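Here are my notes on the model, point by point. Please keep the structure open while reading.

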Amino acid sequence: MTGFEHNPFLHSLGAVIEEWGDGRIVLSMDLKPGHLNRQGALQGGVVCALLDAACGYAGIVPQPGDSQGNAVTISLAINFIGSVKAGKVVATGTVTGRGRKIYFARAEVCTPDGRILASAQGSFKYGGPRLAADAPTEEAIS
């Protein structure tokens, strides 16, 4: 389908969107040497990034023109189950509940044959992050 040209970090990992609809997303990524740790297995931080992306993107609806909205992670609990050294991984995220400002999602990272490598569940807030530059300064408060 498409890459993550709008998300430089996920784009740099080589993650690709396979399917995306309201409440569900499927991502994939071909493993490269830079994704591996010193034991030669997929780095846990890469797995965390895929789980976070799958959960987060599941809750925002794709729109024509790539304007899909934004969300930020509030919490993310991850369970590592297996490992892989080569090939492709697939991350599937699904929304499990929605509120007015927050939604909840779960995700799994698997091998193409369905072997689960990790799972996660988290909560996400609609909207963009509040950056330090957005916070009021001392002068503005006075």
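1. Is glycine 45 exposed, partly exposed or buried? Glycine 45 counts as partly exposed, with a relative accessibility of 40%. It sits in helix H2, which covers residues 44-58. Its C-alpha atom is separated from that of histidine 35 by 8.9 Å. Along the chain, glycine 45 and histidine 35 are 10 residues apart. Keep in mind throughout that this is a predicted model.

2. Overall layout. The protein has 3 helices and 7 strands. Along the sequence, their order is β-α-β-β-α-β-β-β-β-α. The protein counts 142 residues, and 37% of them are buried. The exposed area is about 8,100 Å². Carbon and sulfur atoms supply 53% of that area.

3. Contact range. Take the contacts in the protein with a separation of 6 or more. Residues 24 or more positions apart account for 60% of them. The pairing of S3 with S5 and one of the salt bridges, both described below, show links of this kind in detail.

4. Strand S3 and its partners. S3 spans residues 24-30. It is mostly covered, with 5 of its 7 residues buried. Which strands does S3 pair with? One is S2, residues 16-21, which runs antiparallel to S3 and is joined to it by 5 bridges. Another is S5, residues 88-98, also antiparallel, with 7 bridges to S3.

5. The S2-S3 hairpin. There are 2 residues between the strands of this hairpin. Glycine 23 takes a positive phi there, near 90 degrees. Two bridge pairs can be followed on the model. Tryptophan 20 has isoleucine 25 as its bridge partner in S3. Valine 16 has serine 28 as its partner in S3.

6. Serine 28. This residue of S3 deserves a look of its own. Serine 28 is the bridge partner of valine 16, and in S5 its partner is valine 90. How accessible is serine 28? Its relative accessible area is 7%, so serine 28 is buried, the cut-off being under 20%. Away from its sequence neighbours up to four places off, serine 28 touches Gly14, Ala15, Val16, Glu18, Lys88, Val89 and Val90. Its side chain also makes a polar contact with the side chain of glutamate 18, at 2.5 Å.

7. A general reminder for reading S2, S3 and S5. In a regular strand, side chains alternate between the two faces of the sheet. Please check the side chains in the viewer with that in mind.

8. Salt bridges. How many salt bridges are there? The count is 2. One joins glutamate 19 to arginine 24, with the closest N and O atoms 3.0 Å apart. Glutamate 19 is partly exposed at 43% relative accessibility. Arginine 24 is partly exposed too, with a relative accessible area of 39%.

9. The other salt bridge. Aspartate 22 pairs with arginine 98, and their closest N and O atoms are 2.8 Å apart. Why does this pair tie together distant parts of the sequence? Aspartate 22 lies in the loop between S2 and S3, whereas arginine 98 belongs to strand S5, so the pair links parts that are 76 residues apart in sequence. Aspartate 22 counts as exposed, at 58% relative accessibility. Arginine 98 counts as partly exposed, at 42%.

10. A nonpolar surface patch. Which residues form the patch? They are Ile74, Ile102 and Phe104. Together they have about 250 Å² of accessible area. Isoleucine 102 lies in strand S6, residues 102-110. Its relative accessible area is 32%, so isoleucine 102 is partly exposed. That value is over the 30% that patch membership requires.

Note on methods: Residues numbered from 1 in each chain as written. Predicted model: local features only at pLDDT ≥ 70, side-chain atom pairs only at ≥ 80, totals over all residues. Heavy atoms only, no water. Helix = DSSP H or I, 4+ residues; strand = E, 2+ residues; numbered from the N terminus. Buried < 20%, exposed > 50% of the residue type's maximum accessible area, 1.4 Å probe, protein only. Polar contact = N/O pair within 3.5 Å; in protein donor to acceptor, adjacent residues only side chain to side chain. Contact = heavy atoms within 4.5 Å. Pairing = 2+ DSSP bridges. Patch = residues over 30% accessible without salt bridge, like charges linked within 9 Å, V, L, I, M, F, W, Y side chains within 5 Å. Areas by Shrake-Rupley, 256 points an atom, 1.4 Å probe, with all protein chains shown as cover. Salt bridge = Lys/Arg side-chain N within 4 Å of Asp/Glu carboxyl O.
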